[in-house]
Amino acid sequence: PYVCYKNGGGAFLIPYAIMLVFGGLPLFYMELALGQYQRIGCISVWKRICPMFKGIGFGICIIASYVAMYYNTIISWAVYFLFSSFRREVPWARCNNEWNTPNCTTVNVAESNETNVKQNWTTSPAEEFFHLAVLEIDKARGLGDLGNVKWTIVLCLAAVFVMVYFSLWKGIKSSGKAVWVTATLPYIVLFILLIRGVTLPGSLLGIQYYLSPDFDRLWDPGVWIDAAAQIFFSLGPGFGVLLALSSYNRFNNNCYQDALVTATINCCTSFLAGFVVFSVLGYMATRQGTDVDSVAKAGLGLVFVVYPEAIATLDGSVFWAIIFFLMLITLGLDSTFGGLEALITGICDEWPKAIGKRRELFVACLLGYCFVGALATTTYGGHYVVQLLDSHGAPISILLICFLEAVAVNWCYGVNRFANDLNTMLGFRPGIFWRVCWAGISPIFLIILFIMSIIAYKPIVLDDYVYPPWAASVGWMVTCSSLIPIPLYMIYRFIFVSKGDIKQRVRHMFDPEEEPNHVHEITPLQPVYL
């Protein structure tokens with residue numbers, strides 16, 4: 001919902017729906033079908049499609065590692081909030097704490113007279129708790145001087161990685177059990193928060209803002225880029241998650257139905273979450289005597305400042321805080337399970353003897369690597385690093401990777417050939433809409449969005465801090481690091497792997513090396529579908 005808010009509320013739903021129909025859903029279906037038919041992870045699958053695109057798999061793994069480094073830190077912030085909520089009163093309810101400044105105020109603007117109207121220089125207790133107690137960002141000077149590591153955040157991050165490890169170490173068997181909790185609990189909490197939110201005074205104001213589109217925003221390329229990025233983050237095409245998880249399906253499983261049902265439920269859940277958040281934004285706007293669009297801060301402040309601030313004003317605030325942050329943690333764990341499983345499955349399938357047979361040890365080493373890489377995000381200035389990785393770790397490069405996936409499958413391998421594979425697997429061919437989207441509409445949309453994301457790029461800003469020019473260079477290096485493996489592997493394959501004259505070498509770049517094995521090589525502790 002914070003992405004929706006940032007892009008003008010209801011206006012964001014239009015590009016979101018368009019990206020879902022013509023971009024997200026067709027690619028979601030394509031990856032589900034590809035993984036289920038080929039029965040292998042994101043690196044090795046390209047040997048059976050178009051070998052020269054094997055670098056896509058390595059790029060996906062690099063993106064997954066970046067996301068794991070900063071996304072789990074965001075979960076650790078929620079863990080910190082959760083443990084801080086176990087007291088008689090949530091600590092961000094008042095301004096009498098040791099971390100508060102003289103600017104802190106709890107004035108209710110709607111009930112105050114003109115002389116007490118909240119000024120721009122004042123801050124709320126929730127804002128100061130997040131910045132000065134949780135992050136302690138005041139002890140950092142910027143991206144160039146992050147300060148020391150904050151050990152309480154490190155411990156929360158370690159707890160997150162421990163939970164992730166014991167959910168993934170046995171493969172689908174262990175993660176499948178974990179998601180029975182992490183995928184169902186958020187729905188219970190969402191409905192509880194929705195009922196409480198719509199009963200608050202002013203909630204309809206926020207919902208009206210949520211549903212009323214500002215059509216002028218549709219001319220902003222950033223809105224479309226964010227819509228595409230949100231769809232890709234939400235549905236997961238391009239991240240290798242669908243390839244990995246669908247490779248464990250039964251060969252004749254109806255993945256077409258899975259794609260429609262899962263994508264619909266996913267987007268309806270996002271839509272429902274918007275009501276939960278915007279009803280509270282309307283309440284806060286009414287309470288502060290201002291407009292909805294001026295209530296929330298952009299970015300993660302909506303989740304860690306505005307919503308906690310609203311919770312602090314409710315009766316039984318401790319209960320509402322606990323279930324809210326418990327929901328955030330379970331949602332975050334669900335996402336990180338999928339991303340890391342894509343990376344793990346891809347590498348284990350590429351090197352089954354050296355790594356696949358030692359999955360538990362490999363998962364431990366991988367999570368240890370991600371934990372060490374995430375330490376920079378646990379410093380006093382870790383929020384600056386999180387923002388940098390969030391802007392450059394995936395949203396730009398994933399667009400090009402999705403485009404190349406569509407090209408490899410539907411142009412090089414052939415959309416009709418792929419449709420015949422699905423006919424063999426499902427008993428029916430994909431309709432003309434899907435084939436047109438796979439071969440034409442989706443790739444065109446993706447490459448246009450990739451180009452627009454580069455042209456419309458703006459310097460990163462976090463609150464009042466403007467990132468220095470060298471930070472943009474570092475960010476683009478992060479973006480390029482997940483794309484460079486693609487041309488590097490093409491060059492490597494042409495020179496060192498392909499044989500014969502130039503024509504034979506080029507042909508060897510495109511011709512699949514092997515036929516699919518319809519029984520995925522899995523460990524004895526994973527479910528076997530024959």
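User: Buried means under 20% relative accessible area, exposed over 50%, and partly exposed in between (1.4 Å probe, protein chains only). With that in hand, are Glu341 and Arg359 buried or exposed?

Analyst: This is a predicted model, where local features need pLDDT of at least 70, side-chain atom pairs count only at pLDDT 80 or more, and totals for chains, interfaces and linings use all residues. Residues are numbered from 1 along each chain as its sequence is written, and side-chain values use heavy atoms, with hydrogens and water left out. As for Glu341 and Arg359, both are buried.

User: Which residue forms a salt bridge with Glu341, and which helix is that partner in?

Analyst: A salt bridge here is a side-chain nitrogen of Lys or Arg within 4 Å of a carboxyl oxygen of Asp or Glu. Glu341 has its closest N and O atoms 2.8 Å from those of its partner, Arg359. Helices (H or I, at least four residues) and strands (E, at least two) are DSSP runs, numbered from the N terminus. The pair is 18 residues apart and links distant parts of the chain, with Glu341 in helix H13 (residues 317-350) and Arg359 in helix H14.

User: How many salt bridges does a search of the whole structure find?

Analyst: Some involve residues at the surface: Arg507 pairs with Asp511 at 3.1 Å, where Arg507 is exposed at 58% and Asp511 is partly exposed at 34%. There's also a network, in which salt bridges with shared partners join Glu136, Lys139 and Lys150. The search of the whole structure puts the count of salt bridges at 9.

User: Which residue forms a salt bridge with Glu89?

Analyst: Glu89 is partly exposed, at 33% relative accessibility. Its partner is partly exposed too, with Arg94 at 46%. The closest N and O atoms are 3.1 Å apart, and the residue that pairs with Glu89 is Arg94.

User: Why is the disulfide of Cys95 and Cys104 left-handed?

Analyst: A disulfide is counted when two cysteine sulfur atoms sit within 2.5 Å, and the whole structure has 1. Cys95 and Cys104 are the pair, at 2.0 Å from S to S. Handedness follows from the torsion about their S-S bond, so the disulfide is left-handed because that angle is about -70 degrees.

User: Which cysteine sulfur is nearest to that of Cys370?

Analyst: The disulfide has one partly exposed end, Cys95 at 28%, and one buried end, Cys104 at 12%. Cys370 is in no disulfide, and the nearest cysteine sulfur is 11 Å away. Cys370 is also buried, at 0% relative accessible area. That nearest sulfur is the one of Cys61.

User: Where is Cys267, and which residues does it touch?

Analyst: Cys267 is in helix H11 (residues 255-288) and counts as buried at 9%. Lys47 is 220 residues from it along the chain, and their C-alpha atoms are separated by 33 Å. Contact means heavy atoms within 4.5 Å. Leaving out residues up to four places away in sequence, Cys267 touches Tyr16 and Leu20.

User: What does Pro516 touch?

Analyst: Pro516 sits in the segment after helix H21 (502-510) and is buried, at 19%. Its C-alpha is 8.7 Å from that of Val45, although the two are 471 residues apart in sequence. Not counting residues up to four places away in sequence, Pro516 touches Tyr37, Gln38 and Arg48.

User: How much accessible area does the nonpolar patch on the surface have?

Analyst: Patches are made of residues with over 30% relative accessible area and no salt bridge; like charges are joined within 9 Å, nonpolar side chains (Val, Leu, Ile, Met, Phe, Trp, Tyr) within 5 Å. Areas come from the Shrake-Rupley method with a 1.4 Å probe, and for residues only the protein chains shown count as cover. One member, Phe496, lies in helix H20 (residues 485-497) and is exposed at 56%. Together with Ile484, Leu488, Ile491, Tyr492 and Ile495, Phe496 makes a nonpolar patch of about 620 Å².

User: What is the mean pLDDT of the chain?

Analyst: pLDDT is the predictor's confidence in each residue, from 0 to 100. The value falls below 50 over residues 109-119, a stretch with 13 contacts beyond near neighbours in sequence. Where pLDDT is low, the predicted coordinates should not be read in detail. Still, 94% of the residues reach 70 or more, and the chain mean is 87.
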